[in-house]
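Got the model open? Let's go through it together with a few questions.

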Amino acid sequence: MNKPLSQRLVALFIYAVTVVGCSSSPGPDTMSSSGASANCAACHSAATVTRRQIMGAGGDFRGNSAIVSNHVTTTGDPTPAQCLVCHDLATHMSGVVRLRNADGGASIVYSAATPASLEPFCLSCHDTLGATSTFAAGGTPLRPFNDNNTLGSVPNVAGNKIRSYWTGTNNRHKTTGALTCAGTGAATTGCHGNNGAINMHGSVSKGLLTQNLTLPVPDASLYAYNDYKLCFDCHSLPGNAAVSPQVVLGYKAGGNYDVTQVPPIASFVTLTATIQSLFRERYIASSPNIPFYNDTIGIDSFPYLPLHNYHLLSTFTFFSTNNVLSWQYRGDPAQVGRISCVTCHNVHGTNGGSARSTFDELGVTSAATGTDLYSTMTDSNYNNPPVMESYPMNCNVNSCHGLSNKTYYWNSPANE
C-alpha cells in the first residue's frame with residue numbers, strides 16, 4: 001500500500017540523517033569528523049532548494065560533459081580528499097560555506113552577500129607557495145589535488161603567479177573597486193565563475209571564466225565577437241569609452257588604416273571618424289633622427305596597419321603558409337590558436353614596468369621624437385632569451401619581432 005506523501009518524505013529524511021549522513025540542522029554532523037573518508041557524492045549528487053548539484057552528470061565537475069575546465073583535473077568527480085583541499089568541514093551543513101586558507105588551514109567564511117570574501121581564499125593558493133597546508137595526501141603544495149596539474153607548470157603556468165600580479169603596483173582591473181575574482185555574480189563585477197554564476201568548481205567557459213573568452217581562438221577565417229565576449233562586453237559598458245571595442249578595433253572607412261588585412265575583424269565595429277587605438281603602425285623612412293617604424297615584415301605596400309586588428313587575424317591570411325601571428329594557450333604546444341587579448345595584456349596586473357597593462361616581460365616603454373609619440377620594445381627582450389616564445393607570451397615564433405634592432409608602434413600623430 002502506498003503511504004501518504006508526508007510519511008514518505010519523513011522516512012526519506014530519517015534515512016538521509018541515519019544512513020547517508022545528510023542533515024539540515026546547524027552544527028557538526030557525520031561529515032565533520034570523517035575527513036577524507038566522507039562520501040561527498042552521497043549528498044551532493046542532487047540539487048535541493050538551497051544547494052545546486054555538485055557531483056554527477058549534471059554537476060560542477062568533469063562528470064558533466066558541458067564543463068570544460070575545473071580545478072580538479074581528474075577524469076570524473078573529485079575525491080573527498082580533493083574536496084578537503086578547499087573546504088573546511090569543521091561545522092559542515094551549518095548553512096555556511098567554509099573554505100580553507102591554503103597556507104595555514106584557517107577557516108574562511110564565504111558569504112554570498114559579499115562574494116569578495118572569496119578573494120583571500122583564491123590568492124592563498126595562487127601564490128608562489130601554493131597550498132602549503134591543505135594539499136591532499138600524495139600531492140605537494142604546488143600539486144595540491146594530487147592530480148596531473150602543477151601550479152606554475154604548463155598548462156597552469158600562471159597558477160602560482162596570480163597573487164603577485166593582483167597585488168602589483170599597476171592594476172586597472174583591481175582599482176575599479178568592483179572586480180574581484182568572482183565578483184557578485186554579475187558580469188561587470190568579476191571574471192571567474194560559471195557563465196555568470198559564482199561557482200569555482202568548473203565552468204562552461206575554458207579557464208573558469210564567467211563569460212566566454214575562447215582560448216585558444218580557433219583558426220577561423222572570420223573574427224567572432226563571442227570569442228572575446230568576456231573582455232568586450234565589459235569594455236562596452238558606460239564609463240569604459242577609452243577602452244571600448246570601437247577604440248580597440250575601429251578605424252576610418254577609406255582611411256590609411258582601412259587596408260585589406262584587417263576589415264573582417266572590425267566588421268562588427270561602427271567605424272569611427274578617426275582611428276583611436278594607439279596601437280598602430282605608421283611608416284616613416286629611416287633618417288638620422290627618425291627611426292624606421294614599420295614592422296610589417298617587408299610588406300611595404302601596406303605602410304599603415306591597426307595593429308590590434310592585425311594581431312587578431314586568422315593564422316591564414318596573405319601569407320602562402322601559416323601566419324606567424326599565433327600562440328600557444330598556457331604554453332601548451334598542443335593548443336595553438338590565434339592571438340587573443342590575454343596574449344599581451346596581463347589582466348591580473350603588472351608592476352608598472354610595461355605600458356598599457358601589457359606583460360612586464362614585453363618591456364613596452366614610451367618614447368618621443370619631436371612631436372611624434374611612439375612605443376618601443378627593445379631588441380634584447382626578444383633574442384636573449386627568446387621572451388616572445390616563452391611564458392607569458394608563448395608566441396609560436398620569435399622572428400616577427402626579431403627582424404630589426406628595435407620594435408616600434410605608433411602613438412601619434414596617426415596620419416590617417
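**Cysteines and a buried aspartate**

The structure holds zero disulfides, a disulfide being a pair of cysteine sulfur atoms within 2.5 Å. Keep in mind that this is a predicted model, where local features need pLDDT of at least 70 and side-chain atom pairs count only at pLDDT 80 or more, while totals for chains, interfaces and linings use all residues. Residues are numbered from 1 along each chain as its sequence is written, and side-chain values use heavy atoms, leaving out hydrogens and water.

Q: Why is Cys181 not bonded to Cys122, and how far away is that sulfur?
A: Cys181 is buried (under 20% relative accessible area with a 1.4 Å probe, protein chains only), at 16% relative accessibility. Its closest cysteine sulfur sits in Cys122, but that's too far for a bond, at 4.0 Å.

Q: Which cysteine has the sulfur nearest to that of Cys231?
A: Cys231 is buried too, with a relative accessible area of 14%. It is in no disulfide, and the nearest cysteine sulfur, 4.0 Å away, belongs to Cys341.

Q: Which side chain of opposite charge is nearest to Asp147?
A: Asp147 is found in the loop between α4 (119-125) and α5 (162-166). Asp147 is buried yet has no salt bridge (a side-chain nitrogen of Lys or Arg within 4 Å of a carboxyl oxygen of Asp or Glu). The nearest side chain of opposite charge is 6.2 Å away, and it's Arg143.

Q: Which residue's side chain does Asp147 join through a polar contact?
A: Asp147 touches His71, Val72, Thr73, Thr74 and Gln82, with heavy atoms within 4.5 Å, not counting residues up to four places away in sequence. A polar contact (N or O atoms within 3.5 Å, one able to donate a hydrogen and the other to accept it) of 2.9 Å joins its side chain to that of Thr73.

Conventions
Helices (H or I, at least four residues) and strands (E, at least two) are DSSP runs, numbered from the N terminus. Buried means under 20% relative accessible area, exposed over 50%, partly exposed in between (1.4 Å probe, protein chains only). Lys and Arg count as positive and Asp and Glu as negative; His and the chain ends are not counted.
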